[in-house]
Amino acid sequence: MRAFNKKLKRSLPGFDLDELIRFVVYNDHQFRYNRNFSNQQSRVIFENWFDNKEKLIKEMICACNGRSSDTIIDWYKYGNSSKYRSYRDFMRSNSDVPNFEENFPQIFDGTSNCLGTYRRMRSPGLITLNLDNIQVFFWSIICSLACEKGYIFTREKIEELAKICILKTLYHELFHHAIDAQRYFLNDYQYDYFLDEALAVACSRHLVGFEAQFNLPFVSDFLDLAYAYEQPGYKDWVKYKSDEQFLIGLTRYTGIDRNLTHLGQETTPIAVGILYSIIENPNVQIELNF
Ligand SMILES: [Zn+2]
């Protein structure tokens, strides 16, 4: 695996990483007004959450007692309508589980406690980022790390982790898009809900690993919590944690190996080549959901 091509990421329609980081970290909602969204809520920008040395004042947002991953602020007051309060809420099964029997669902990750969804291509495919959920998910992990592990976060580190948090969801949904596109030309492919989700999480984790500019414990501790899935399928991503495991899993799932392996042709490079060729040239539209 290698890093996602940064230039293309910047040019995904509807996706401005810097704007989304400002939203998640500062609740800066300016871009939403600029784009004439309907149903505009008032957003109060997070102020004074950093001291004059640019360090996060954790008492402004974190409970740091009892369930330390909980945030203490009234999210509705800040215009965030997520009904969840802890990152753990996004890693558990929800009552509105999708229908596993479908041959190939129209919507992936469609439950209310998801950070994003993917709707199959009707040209284009549609990736929706559930920003209110992402914001709560993000700050809950920060509180957990600040309270339980004693991390002191600077503004720079917080922005870095917010970037990782947003890309985590983007890459997950792009994986679904890559499989969606391959369905049109792979004869031996068969949809498997659990495997699809496990590989989507693993793909996201591999790609996010290339994004962190700091190779420091605060990043790996953040990622440990951000990928601590408990849902069936999703949690099996750990079976594809190494490059090799992921590539073999992907090759088998897409069925690329079926008629080639016995001829001695290496197939994992084909599978990974197709994967990157789609996710770096995706036919998707990005939608922001609040
Ligand atoms: Zn998914």
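Which residue in β3 is the bridge partner of Tyr 118? Before I answer, please keep in mind that what we have in front of us is a predicted model, and everything I say this morning should be heard with that in view. The partner of Tyr 118 is Ile 127, and I would like to use that pair as our way into the sheet.

Tyr 118 belongs to strand β2, residues 116-119, which runs antiparallel to β3 and is joined to it by 4 bridges. Another of the pairings between these strands sets Gly 116 of β2 against Leu 129 of β3. Between the two strands of this hairpin there are 5 residues, and in that hairpin Ser 123 takes a positive phi near 50°.

If we now look to the other neighbour of β2, we come to strand β1, residues 107-108, which is antiparallel to β2 and joined to it by 2 bridges. Here Tyr 118 appears again, since Phe 108 has Tyr 118 as its bridge partner in β2. As for the side chains of β2, Gly 116 and Tyr 118 point one way while Thr 117 and Arg 119 point the other way, and all of these residues are buried.

Coming back to β3, we can follow Ile 127 to its partner in a further strand, because Ile 127 stands opposite Ile 286 in β4. Strand β4 covers residues 284-289, and its pairing with β3 is parallel, extending over 6 bridges.

Is β3 largely enclosed, or largely open? Of the 6 residues in this strand, which spans 125-130, 5 are buried, and therefore β3 is largely enclosed by the rest of the structure.

Let me turn, finally, to a pair of helices. Two packed helices are described by the angle between their axes and by the distance between those axes. In our model, helix α4, residues 131-148, packs with helix α7, residues 217-226, at an angle of about 125°, and their axes are 10 Å apart. That angle makes α4 oblique to α7, and the crossing of the two is right-handed.

Which residues meet there? From α4 we have Ile 141, Ser 144 and Leu 145, and these meet Phe 218, Asp 221, Phe 222, Leu 225 and Ala 226 in α7. Sorted by character, the residues of this contact come out as 6 nonpolar, 1 polar and 1 charged.

Terms used:
Residues are numbered from 1 along each chain as its sequence is written. This is a predicted model: local features need pLDDT of at least 70, side-chain atom pairs count only at pLDDT 80 or more; totals for chains, interfaces and linings use all residues. A residue is buried if 20 or more other C-beta atoms lie within 10 Å of its own, exposed if 12 or fewer, and partly exposed in between; C-beta atoms are placed from the backbone. Two strands pair if DSSP finds at least two bridges between them. Axes are lines fitted to C-alpha atoms, for helices over the stretch in contact, and angles run from 0 to 180 degrees between N-to-C directions. Angles under 35 degrees count as roughly parallel, over 145 as roughly antiparallel, 65 to 115 as roughly perpendicular and the rest as oblique. A crossing is left-handed if the near helix is turned anticlockwise from the far one by less than a right angle, and right-handed if clockwise. Two residues are in contact if their C-beta atoms, placed from the backbone, lie within 7 Å. Ala, Val, Leu, Ile, Met, Phe, Trp, Tyr, Cys and Pro count as nonpolar, Asp, Glu, Lys and Arg as charged, and the others, Gly among them, as polar.
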